[in-house]
Amino acid sequence: MNEHAGILLVDDNRDEVDVAIRALNRAGVDVPIEVARDGLAALESLGLESEAPDRKKTPRVIFLDLRMPRVDGFEVLRRVREDPLTEGIPVVVLSSSNRKEDIQRSYALGANSYLLKRFDGDKPGSYIVAAAHYWLNLNRTVQEGG
C-alpha cells in the first residue's frame, strides 16, 4: 500500500456526499476522492473484507459516518485500527450525533477527530474542507516525516 488515494468518504447519505464533494472541489482540494456508500463498501475498498486483499492504494484520510446500513462506522473504525496496514490512516468521524457515548466510543476505537455534521447555508461543507486541509496539508504522519 504505497500509492495514496487521497480521501475515502464513507457515508450512505447521497445529499451529504454531494455537498462534501462539491465543497472540496470548490475549495481546490486536489486529491482523488473515493466514496463508499456503506461500511461494507469501505472495508472492501481498504482490502479488509477479503482473504487476499487488494491493497494498491491507501487513503491519506478517511471521513467516516457512524450510522450506515450493513456495517456501521464503529465496526469500520475497529477493523481499520486492528489491521497493521491501515491502523495509521487518520480517521475523522463525521456524524450528526452529539451523544457523549458516540463521541467517547469513537475515540476509544481510535478516531483521530470527531466532527459534527452541520448545515451552513453560506458555505456548505466548509467544515469538511477545513478538516481535509488539516489532514492533507498540515498534519504529518510517521511515513511522511523526515
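**Entry 1: Ser95 and its partner**

I began with the side chain of serine 95, which makes a polar contact of 3.5 Å with the side chain of tyrosine 114. I am working from a predicted model, so I keep in mind that every value here is computed from it. Where does serine 95 sit? I found serine 95 in strand S4, which covers residues 91–95.

Next I asked whether serine 95 is buried or exposed. Its relative accessibility is 2%, and because buried means under 20%, serine 95 counts as buried.

Then I listed what serine 95 touches, leaving aside residues up to four places away in sequence. Asp65 and Leu66 are on the list, and so is the run Tyr114, Leu115, Leu116 and Lys117. Tyr114 is thus a name I had already met, as the polar partner of serine 95.

**Entry 2: the second largest pocket**

Lys117 turned up again when I looked at the second largest pocket: along with Glu16, Val19, Arg118 and Tyr127, Lys117 is one of the lining residues nearest the pocket centre. I noted a volume of about 230 Å³ for this pocket and a lining of 16 residues.

Which helices each supply at least two residues of that lining? I found helix H1 (14–26) and helix H5 (126–138). H1 gives the largest share, with five residues.

I also sorted the lining by chemistry: nine residues are nonpolar, six are charged and one is polar.

**Entry 3: helix H3**

I moved on to H3, residues 73–82, and asked which of its residues are buried. My list reads Gly73, Phe74, Val76, Leu77, Val80 and Arg81. Why do they line one face of the helix? Looking down the axis of H3, I see the buried residues fall within an arc of 160°, so they share one face. A handy reminder for my margin: an α-helix has 3.6 residues a turn, so residues three or four places apart point the same way.

At the N-terminal end of H3 I found a cap, aspartate 72. One of its side-chain oxygens lies 3.2 Å from the backbone nitrogen of phenylalanine 74, and Phe74 is itself among the buried residues of H3.

**Entry 4: stepping back**

To finish, I looked at the whole protein. I counted five helices and five strands, and from the N terminus they run β-α-β-α-β-α-β-α-β-α. Of the 146 residues, 45% are buried. How many of the contacts between residues at least 6 apart in sequence join residues at least 24 apart? I wrote down 66%.

Conventions: Residues are numbered from 1 along each chain as its sequence is written. This is a predicted model: local features need pLDDT of at least 70, side-chain atom pairs count only at pLDDT 80 or more; totals for chains, interfaces and linings use all residues. Side-chain values use heavy atoms; hydrogens and water are left out. On a 1 Å grid over the protein atoms alone, a cavity is a set of points where a 1.4 Å probe fits but cannot get out, and a pocket is an open set with protein on both sides within 12 Å along at least five of seven lines; lining residues have an atom within 4 Å of a point. Grid points are joined across faces, edges and corners, and a volume is the space filled by probe spheres set on the points. Helices (H or I, at least four residues) and strands (E, at least two) are DSSP runs, numbered from the N terminus. Ala, Val, Leu, Ile, Met, Phe, Trp, Tyr, Cys and Pro count as nonpolar, Asp, Glu, Lys and Arg as charged, and the others, Gly among them, as polar. Buried means under 20% relative accessible area, exposed over 50%, partly exposed in between (1.4 Å probe, protein chains only). The arc is that of the directions from the helix axis to the C-beta atoms. A polar contact is a pair of N or O atoms within 3.5 Å; within protein, one must be able to donate a hydrogen and the other to accept it, and residues adjacent in sequence count only if both atoms are side-chain atoms. Contact means heavy atoms within 4.5 Å.
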